[in-house]
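The exercises below ask you to read a protein model step by step, with the sequence and the structure side by side. Try each task on your own before you turn to its solution.

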Amino acid sequence: MAVTQRRGRRIMMTPDELDEFLTTQRTCRVATVSADGAPHVTTLWFVWDGKSLWLYSITRSKRWADLRRDPRVAVVVDTGEEYGDLRGVELSGTVEFIGEAPRTGEPHPELDSVERLFARKNFGLTEMPHDGRHAWMRLTPEATASWDFRKLAAL
């Protein structure tokens, strides 16, 4: 995964910090390109497996239609209220659609661990509930930029 930031390297997250951050955060903002070229941003829960961000989206959403037409995406995960506490990451690349759409729970080995992680993180369950309305997308980032303003105090 390419680190795209030139400025702000002193406040960017280390690989371990980035992994911990993406593992513990729950909500992301997903930016897509609409058919007319307009940006479209929505919020989703996600799970991080150590190298890819997995997005579980409603298949009848504008976001899903946008990404089916043009799979390029930018995703931001951030947190913090006060300026000195702000931290986050932007991941960008191309999504891949994994499994059946919509997802009904058909066996799919690539989704086994992802669904366990997602169910535990977001629902407190050991198995993923399938509602026949959502499906999986995987973003293996081609580029990232991160920031941790808590590091500013040390500069």
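A residue is called buried when its relative accessible area is under 20%, exposed when it is over 50%, and partly exposed in between. Keep in mind throughout that this is a predicted model.

**Exercise 1. Find which residues of helix α2 are buried, and work out how they are arranged around the axis.**

Solution. Begin with the extent of the helix, since α2 runs over residues 62–69, and within it Arg63, Trp64, Asp66 and Leu67 are buried. Next, look along the axis: these residues cover an arc of only 160 degrees, which puts them on the same side of α2. It helps to recall that an α-helix has 3.6 residues a turn, so residues three or four places apart point the same way. Finally, ask what lies over the buried residues of α2; the cover includes β2 (27–33), β3 (39–48), β4 (53–58), β5 (72–79), β6 (87–98) and β7 (134–139).

**Exercise 2. Carry out the same analysis for helix α1, naming its buried residues and what covers them.**

Solution. The buried residues in α1 are Leu18, Phe21 and Leu22. Around the axis they span an arc of only 90 degrees, and therefore they sit on the same side of α1. Among what covers the buried residues of α1 are β3, β5, β6, α3 (109–123) and β8 (143–148).

**Exercise 3. Describe the largest nonpolar core and follow one of its residues outward.**

Solution. As background, nonpolar side chains tend to be buried together in soluble globular proteins. Here the largest nonpolar core has 22 residues, and those with the most contacts inside it are Leu22, Cys28, Phe46, Leu53, Leu55, Val75 and Val77. Two or more residues are given to this core by each of α1 (15–24), β2, β3, β4, α2, β5, β6 and β7. Now follow Val77: leaving aside neighbours within four places in sequence, Val77 is in contact with Phe21, Leu22, Gln25, Thr27, Cys28, Phe46, Arg87, Gly88 and Val89. A second, separate core has 10 residues, including Val47, Leu111, Met128 and Trp136.

**Exercise 4. Count the salt bridges, then examine some of them and the accessibility of their partners.**

Solution. The count comes to 11 salt bridges. Take first the one between Asp78 and Arg29, whose closest N and O atoms are 2.5 Å apart. This pair links distant parts of the chain, because Asp78 belongs to strand β5 and Arg29 to strand β2, 49 residues apart. Asp78 has 32% relative accessibility and so counts as partly exposed, and Arg29, at 39%, also counts as partly exposed. Turn next to Asp70 and Arg72, whose side chains meet in a salt bridge at 2.6 Å, N to O; Asp70 is buried, with a relative accessible area of 13%. A further salt bridge joins the side chains of Glu100 and Arg103 at 2.7 Å, N to O, and Arg103, at 2% relative accessibility, counts as buried. Last, Lys62, Asp66 and Arg69 are linked in a network of salt bridges.

**Exercise 5. Is Arg138 buried or exposed, and which residues does Arg138 touch?**

Solution. Locate Arg138 in strand β7, and then note its relative accessibility of 14%, so Arg138 counts as buried. Its side chain makes a polar contact with the side chain of Glu110, at 2.3 Å. Not counting residues up to four places away in sequence, Arg138 touches Ser52, Leu53, Trp54, Thr94, Val95, Glu96, Ile98 and Glu110.

Note on methods: Residues numbered from 1 in each chain as written. Predicted model: local features only at pLDDT ≥ 70, side-chain atom pairs only at ≥ 80, totals over all residues. Heavy atoms only, no water. Buried < 20%, exposed > 50% of the residue type's maximum accessible area, 1.4 Å probe, protein only. Helix = DSSP H or I, 4+ residues; strand = E, 2+ residues; numbered from the N terminus. Arc of directions from axis to C-beta. Contact = heavy atoms within 4.5 Å. Core = buried A, V, L, I, M, F, W, Y, C linked by side-chain atoms within 4.5 Å. Salt bridge = Lys/Arg side-chain N within 4 Å of Asp/Glu carboxyl O. Polar contact = N/O pair within 3.5 Å; in protein donor to acceptor, adjacent residues only side chain to side chain.
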